[in-house]
Amino acid sequence: MKQNQEQPKYHTTLKNTKGFDWKAKTIVKDILGYDWNITTLKMSSGKISCTAQAGTLKDNDGYESFSFILFQDPLIRLYDEKRRATEKAVEEVHDKGLAKFTELLQSGKITSRDEK
């Protein structure tokens, strides 16, 4: 399996979800054998948190679905900060999380699917 450790190209979606404030989401395909769902949102603790969940992205008749195996596929807490969840704040925290993901990827600290 080809191990892709290059600088990933990010495409982020930022939206206001009714009742859940702002949320940012980035899907990164085929990094070290995983697809990654990087999400930033406000937690019940009051912190804005950015996490990366490894799994598999599937395309079914034009609809994408992301699945993962709980406690098996890696989950990385990239960055969090306690502040008001405005559009700008969520975008800033998400950008910091993406930078941390890139740093971890380039330093080789993210486990590939084959290394498990």
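Accessible areas here come from the Shrake-Rupley method with a 1.4 Å probe. On that basis, the accessible surface of the protein comes to about 7,600 Å², and 48% of it belongs to carbon and sulfur atoms. The model is predicted.

**Whole chain**

Start with everything shown as a cartoon. There are 6 strands and 1 helix, in the order β-β-β-β-β-β-α from the N terminus. Of the 116 residues, 35% count as buried. Among contacts between residues at least 6 apart in sequence, 51% join residues at least 24 apart.

**Strand S3 and its partners**

Select residues 34-42, which are strand S3. Since 7 of its 9 residues are buried, S3 is largely enclosed by the rest of the structure.

Add residues 22-31, strand S2, which pairs with S3 in the antiparallel sense over 6 bridges. To check the register, show Ala24 and its bridge partner in S3, Thr40.

Now add residues 47-60, strand S4, on which S3 also pairs in the antiparallel sense, here over 8 bridges. Leu41 and Ser49 of S4 stand opposite each other and can serve as a marker for this pairing.

**The two hairpins**

Go to the turn between S2 and S3, where 2 residues separate the strands. Select Leu32, in the loop between S2 and S3. Leu32 has a positive phi of about 55° although it is not a glycine. Is Leu32 buried or exposed? With a relative accessible area of 4%, Leu32 is buried, because buried means under 20%.

Step back to Asp30, which lies in strand S2. Asp30 also has a positive phi, near 50°, in a residue other than glycine. The relative accessible area of Asp30 is 41%, so this residue is partly exposed.

Move on to the hairpin of S3 and S4, which has 4 residues between the strands. Gly46 takes a positive phi near 100° there.

**The loop between S5 and S6**

Strand S5 covers residues 63-67 and strand S6 covers residues 75-82. In the loop between them, select Phe71. At 84% relative accessibility, Phe71 counts as exposed. Add Phe68 and Leu70 with a surface representation: together with Phe71 they make a nonpolar surface patch of about 410 Å².

Ile69 is found in this loop too. Its relative accessible area is 44%, so Ile69 is partly exposed. For a distance across to another part of the chain, pick the C-alpha atoms of Ile69 and Gln53: they are 9.9 Å apart in space, with the two positions 16 residues apart in sequence numbering.

**Helix H1**

Select residues 87-107, helix H1. The helix has 21 residues and reaches 30 Å from its first C-alpha to its last, close to the 30 Å expected at 1.5 Å a residue.

Which residues of H1 are buried? They are Ala89, Val90, Val93, His94, Gly97, Leu98, Phe101, Thr102, Leu104 and Leu105. Show these side chains together with the strands: what covers them includes S1 (12-16), S2, S3, S4 and S6. Just after the helix, Gly108 takes a positive phi of about 80°.

**Salt bridges**

How many salt bridges does a search of the whole structure find? The search finds 6.

Begin with Lys29 and Glu64, whose closest N and O atoms are 3.8 Å apart. This pair links distant parts of the chain, with Lys29 in strand S2 and Glu64 in strand S5, 35 residues apart. Both residues are exposed.

Next, select Lys96 and Glu81, whose side chains meet in a salt bridge at 3.6 Å, N to O. Lys96 lies in helix H1 and Glu81 in strand S6, so the pair ties together parts 15 residues apart in sequence. Lys96 is partly exposed, with a relative accessible area of 38%. Extend the selection to Arg83, Lys88 and Glu92, which are linked with Glu81 and Lys96 in a network of salt bridges.

End at Lys100 and Glu103, which form a salt bridge at 3.6 Å, N to O. Both lie in helix H1, 3 residues apart, about one turn of the helix. Lys100 is partly exposed at 30% relative accessible area, and Glu103 is partly exposed at 47%.

How values were computed
Residues numbered from 1 in each chain as written. Predicted model: local features only at pLDDT ≥ 70, side-chain atom pairs only at ≥ 80, totals over all residues. Heavy atoms only, no water. Patch = residues over 30% accessible without salt bridge, like charges linked within 9 Å, V, L, I, M, F, W, Y side chains within 5 Å. Salt bridge = Lys/Arg side-chain N within 4 Å of Asp/Glu carboxyl O. Buried < 20%, exposed > 50% of the residue type's maximum accessible area, 1.4 Å probe, protein only. Pairing = 2+ DSSP bridges. Contact = heavy atoms within 4.5 Å. Expected span 1.5 Å × (residues − 1).
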